[in-house]
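Student: I would like to learn how strands and helices are read in a model. Could we go through it step by step?

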Amino acid sequence: MNEPFPHVVLVSSTLEDDGGIPVCVGQLAAALADSGVPLAIVGQCAGKTSRAVADAASMHGVKLRVIHEPWHPLGQSRAASRMRSLVREAAHGARIAGRRLVVHLHGVWVAPVLAAAAEAASCGATLVVSPHGMLRREALAKSRWRKRLVWQGWLRRALLTADALHVTSDAEGDDLRTILPGCRPVLVPLGVTPPADAPRLRDPGAPRRAGYLGRLVPIKNLDGLLEAWARVSPRGWRLAIDGPGSPEMVGALRGLADRLGIGDVVDIGGSVPFEHIGEHFAALDLFILPSRSEAFA
């Protein structure tokens, strides 16, 4: 008799439209569900749930457990407590069904993910960790002291007890071996379905358009992009910078563009829903990815 499929819990560091993790989690969940794997997605969300995650639940029958809490420390603490309960509940259900429980973490720094790792170890579940680039050398340089505290207090232990560490590039694996000597990360590229193609949208005679799409955070080197654009100052072009970011980051980028004298040719927008990414790219003549570090771009 074949061993029954494991019961899988995909723990996402966020369920909101904030970067690529919810898209990866949603599409992975849909593929696993279509293959007959019983699974659930769990994670914290303070706003609107990612379309990819919602589609996995509504179109593929994936169980979705949204922990509605704000992202401040108290909210994360409450979310962590709720996460431990959900993992215990999943472990109990897996035992009754005669299945193994696999807890797959996506992201590493937030309290609910760390709580899921601890509870998985307590329940004897198989633990898989996908850092999604969060343990790259450049990423560790941001909020260095806070991350060092979390690393020493919780995260290092979680990684040492994991049954598999999943990386998506050789470079990510090298960085992980540097901070965790002796570990053997497994390299598996992400299987993300690309957005649908869309017809060309730029009107004849309109300025040509270059664009960046991604999170608006320092590691993406957007200040460097603006400085380079000001230096080159290409005639007949506009630069679009789109993606989720804090009001402070958006304001800083707009202020820098103005100081560099290119504010009138730079557009800084917000998030682009996944279902519209094809149209977004179709409107560009040039895509620019200036990041200092990317795990799988």
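Tutor: Let us begin with a strand pair, keeping in mind that this is a predicted model. Strand β8, residues 208–213, is joined to β11 by two bridges, and these strands run parallel. One residue to look for is Ala210, whose bridge partner in β11 is Leu286.

Student: Which order do the strands take in the sheet?

Tutor: The sheet is open and consists of four strands in the order β10-β9-β8-β11, with parallel pairing. The edges are held by β10 (266–268) and β11 (286–287), each with a single partner strand, so one side of each has no neighbour in the sheet.

Student: Which helix lies across β8, β9 and β10?

Tutor: That is helix α8, residues 222–232, which lies across β8, β9 (237–242) and β10 and runs at about 175° to β9.

Student: At what angle do helix α3 and helix α4 pack?

Tutor: Helix α3 (residues 73–97) and helix α4 (residues 111–123) pack at about 30°, and their axes are 8 Å apart. Angles under 35 degrees count as roughly parallel, and α3 and α4 are therefore roughly parallel to each other. Their crossing is right-handed.

Student: Which residues of α3 and α4 meet?

Tutor: From α3, the residues are Gln76, Ala79, Ala80, Met83, Arg84, Val87, Arg88 and Ala91, and they meet Ala111, Pro112, Ala115, Ala116, Ala118, Glu119, Ala120 and Cys123 of α4. Sorted by class, this contact of α3 with α4 has 12 nonpolar residues, one polar residue and three charged residues.

Terms used: Residues are numbered from 1 along each chain as its sequence is written. This is a predicted model: local features need pLDDT of at least 70, side-chain atom pairs count only at pLDDT 80 or more; totals for chains, interfaces and linings use all residues. Side-chain values use heavy atoms; hydrogens and water are left out. Axes are lines fitted to C-alpha atoms, for helices over the stretch in contact, and angles run from 0 to 180 degrees between N-to-C directions. Angles under 35 degrees count as roughly parallel, over 145 as roughly antiparallel, 65 to 115 as roughly perpendicular and the rest as oblique. A crossing is left-handed if the near helix is turned anticlockwise from the far one by less than a right angle, and right-handed if clockwise. Contact means heavy atoms within 4.5 Å. Ala, Val, Leu, Ile, Met, Phe, Trp, Tyr, Cys and Pro count as nonpolar, Asp, Glu, Lys and Arg as charged, and the others, Gly among them, as polar. Two strands pair if DSSP finds at least two bridges between them.
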